[in-house]
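Here's a walk through one protein model, written for someone meeting it for the first time. Have a look at the sequence and the structure, then read on.

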Amino acid sequence: MNTLIRYILLGLVLVVGSAQAADPLVISSGSDRAIPIAVVPFGWQGGQPLPEDLANIVSDDLRNSGVFSPIPRQNMLSQPSQASEVIFRDWKALGANYVLVGNIVPNGGRLQINYALFNVSTEQQVLTGNVGGGTDQLRDMAHFISDQAYEKLTGVKGAFSTRILYVTAERFSATNTRYTLQRADYDGARAVTLLQSREPILSPRFAPDGKRIAYVSFEQQRPRIFMQYIDTGRREQLTNFEGLNGAPAFSPDGNRLAFVLSKDGNPEIYVMDLGSRAIRRVTNDSAIDTEPFWGKDGQTIYFTSDRSGKPQIYKTNANGGGAERVTFVGNYNANPKLSADEKTLVMVHRQEGFTNFQIAAQDLQRGSVRVLSNTSLNDSPTVAPNGTMLIYATRQQDRGVLMLVSINGRVRIPIPTAQGDVREPSWSPYLN
């Protein structure tokens with residue numbers, strides 16, 4: 001089998017594991033109880049109904065984290081919209097630990113949302129605030145409130161105001177497929193098109209500043225890496241080497257880009273200085289080395305390699321040198337991603353004796369592996385910047401779709417997206 005075909009076959013099924021450990025534990029739901037919270041419908045003092053239900057967005061955000069269990073609206077005994085209307089015995093009767101209320105007020109052609117969060121058991125207000133914006137910013141304001149509440153109650157910065165990238169492939173005939181690079185809210189809402197092509201688009205990745213993206217395009221009939229500025233749409237071609245040009249990944253400071261080239265005959269990891277455009281080879285092995293992912297120190301690169309006979313995850317210094325194997329559980333581990341605290345490695349994983357490719361999380365200290373997906377042929381995991389959620393690509397009813405999973409395994413839901421096969425998700429950094 002030639003190198004190009006081996007590389008493509010490896011890339012089609014890549015995805016999460018470290019140190020020898022016990023058998024993987026399949027997690028279909030969290031073993032601990034999520035925290036009950038009530039997000040009450042926000043009061044609205046205007047005329048026509050608003051185009052978005054803010055309380056529903058906030059409720060979904062908190063549920064998606066896997067930490068909270070929102071109380072159904074139909075079970076609420078009362079629906080206060082401000083602090084003075086909160087009757088704590090109503091919420092104690094429902095078993096709520098917290099209650100979030102808010103009201104929306106027209107303010108000079110804009111909207112102001114006032115909100116407050118209460119601890120039901122102590123009957124104390126733990127958070128209050130306000131946020132303003134236009135009607136077209138209702139989702140932004142809802143995600144902002146979710147972020148504030150989540151951080152107040154967990155001590156972890158919320159990631160609900162972030163974005164995702166993904167690629168859709170809509171096939172019209174055997175020779176006519178339209179590929180679209182989309183950016184959307186983390187939950188799939190408000191998708192916008194950044195690029196359309198009749199040729200494949202692969203591996204979109206955000207820069208740490210959230211203003212640039214890198215991706216692979218086949219528009220020249222060969223894979224080449226481009227960088228695009230989101231606000232202006234300006235594009236720069238970064239590579240034009242013979243053979244493979246793929247799997248771009250920005251360094252934590254945004255000044256370098258790791259990627260895969262086969263210009264010297266074998267797929268290897270390289271790093272480009274984006275200022276000078278000088279490149280440096282990082283790996284040097286007869287195996288296929290691919291899918292680089294940076295550690296937050298800016299010096300460590302995790303990558304997939306079949307140098308042990310089957311794809312496993314390794315790490316090496318960005319300046320080159322020896323590679324250390326990280327995953328040992330399962331006979332296939334690929335497409336590494338790290339949680340924000342770098343304690344968890346997320347990947348595509350296949351257990352011994354199985355044929356399904358699943359998304360799994362490996363504890364890098366203990367070496368234990370948890371399987372997070374419950375379908376087959378899962379790939380392309382991407383982790384929220386706070387490490388609490390991940391998104392991956394899978395198939396449902398013969399269509400490529402995206403699934404969101406909380407890292408604790410309690411929540412697993414499909415993300416609504418446009419028509420066509422959806423693939424290659426990538427999560428943004430924090431945008432504020």
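## Two residues with an unusual backbone

Let's start with Ala-247, which counts as buried because its relative accessibility is 14%, and the cut-off for buried is under 20%. Keep in mind as you read that this is a predicted model. You'll find Ala-247 in strand β15, which covers residues 245–250. What is the sign of phi at Ala-247? Phi there is positive, near 55 degrees, even though Ala-247 isn't a glycine. As background, most residues other than glycine have a negative phi.

Asn-335 is another case to look at. This residue isn't a glycine either, and its phi is positive, at about 55 degrees. Asn-335 belongs to strand β23, running over residues 332–338. Is Asn-335 buried or exposed? With a relative accessible area of 8%, Asn-335 is buried.

## The two domains

Now step back to the whole chain. The domain assignment splits the protein chain into domain 1, spanning 33–152, and domain 2, spanning 162–425. Measure from C-alpha centre to C-alpha centre and domain 1 and domain 2 lie 35 Å apart. The contact takes 14 residues from domain 1 and 15 residues from domain 2.

## A pair of packed helices

Two packed helices are described by the angle between their axes and the distance between the axes. Here the pair is helix α2, made of residues 54–64, and helix α4, made of residues 138–154. Their axes are 9 Å apart, and the packing angle is about 45 degrees. That's why α2 and α4 are described as oblique to each other. As for handedness, the crossing of α2 past α4 is right-handed.

Which residues make the contact? From α2 come Leu-54, Ile-57, Val-58, Asp-61 and Leu-62, while α4 brings Leu-138, Arg-139, Ala-142, His-143, Ile-145, Ser-146 and Tyr-150. Sort the residues of this contact between α2 and α4 by type and you get eight nonpolar, two polar and two charged.

## Gly-102 and its surroundings

Next up is Gly-102, which sits in strand β5, residues 98–107. Gly-102 is buried, as its relative accessible area is 1%. Setting aside neighbours within four places in sequence, Gly-102 is in contact with Pro-41, Phe-42, Gly-43, Ser-81, Asn-114 and Tyr-115.

There's also a distance worth tracing on the model. Gly-102 and Ala-55 are 47 residues apart along the chain, and 8.4 Å separates their C-alpha atoms.

## Three buried strand residues

Thr-168 has its place in strand β8, which takes in residues 163–173. Thr-168 is buried, with 4% relative accessible area. Which residues does Thr-168 touch, not counting those up to four places away in sequence? They are Arg-178, Tyr-179, Thr-180, Gln-182, Gln-419, Asp-421 and Val-422.

Ile-391, in strand β28 (residues 389–396), is buried with a relative accessible area of 0%. Among its contacts, leaving out neighbours within four places in sequence, are Ile-164, Tyr-186, Pro-381, Leu-402, Ile-415 and Trp-427. Leu-402 is 11 residues from Ile-391 in sequence, and the two are 6.6 Å apart from C-alpha to C-alpha. Then there's Val-369, part of strand β26 (residues 369–371) and buried at 2% relative accessible area. Between the C-alpha atoms of Val-369 and Ala-258 there are 27 Å, and along the chain the two are 111 residues apart.

## A buried spot in a loop

Where does Asn-386 lie? Look in the loop between β27 (379–383) and β28. Asn-386 counts as buried, because its relative accessibility is 11%. Apart from neighbours within four places in sequence, Asn-386 is in contact with Tyr-150, Val-156, Lys-157, Gly-158, Ala-159, Ala-340 and Tyr-430. You met Tyr-150 earlier, on the α4 side of the helix contact.

Finally, try finding Asn-386 and Phe-160 together. They are 226 residues apart along the chain, and their C-alpha atoms are separated by 9.9 Å.

Terms used. Residues numbered from 1 in each chain as written. Predicted model: local features only at pLDDT ≥ 70, side-chain atom pairs only at ≥ 80, totals over all residues. Heavy atoms only, no water. Axes fitted to C-alpha atoms, helices over the stretch in contact; angles between N-to-C directions. Helix = DSSP H or I, 4+ residues; strand = E, 2+ residues; numbered from the N terminus. Parallel < 35°, antiparallel > 145°, perpendicular 65-115°, else oblique. Left-handed = near helix turned anticlockwise from the far one by under 90°. Contact = heavy atoms within 4.5 Å. Nonpolar A, V, L, I, M, F, W, Y, C, P; charged D, E, K, R; others polar. Buried < 20%, exposed > 50% of the residue type's maximum accessible area, 1.4 Å probe, protein only. Domains from an automatic or database assignment.
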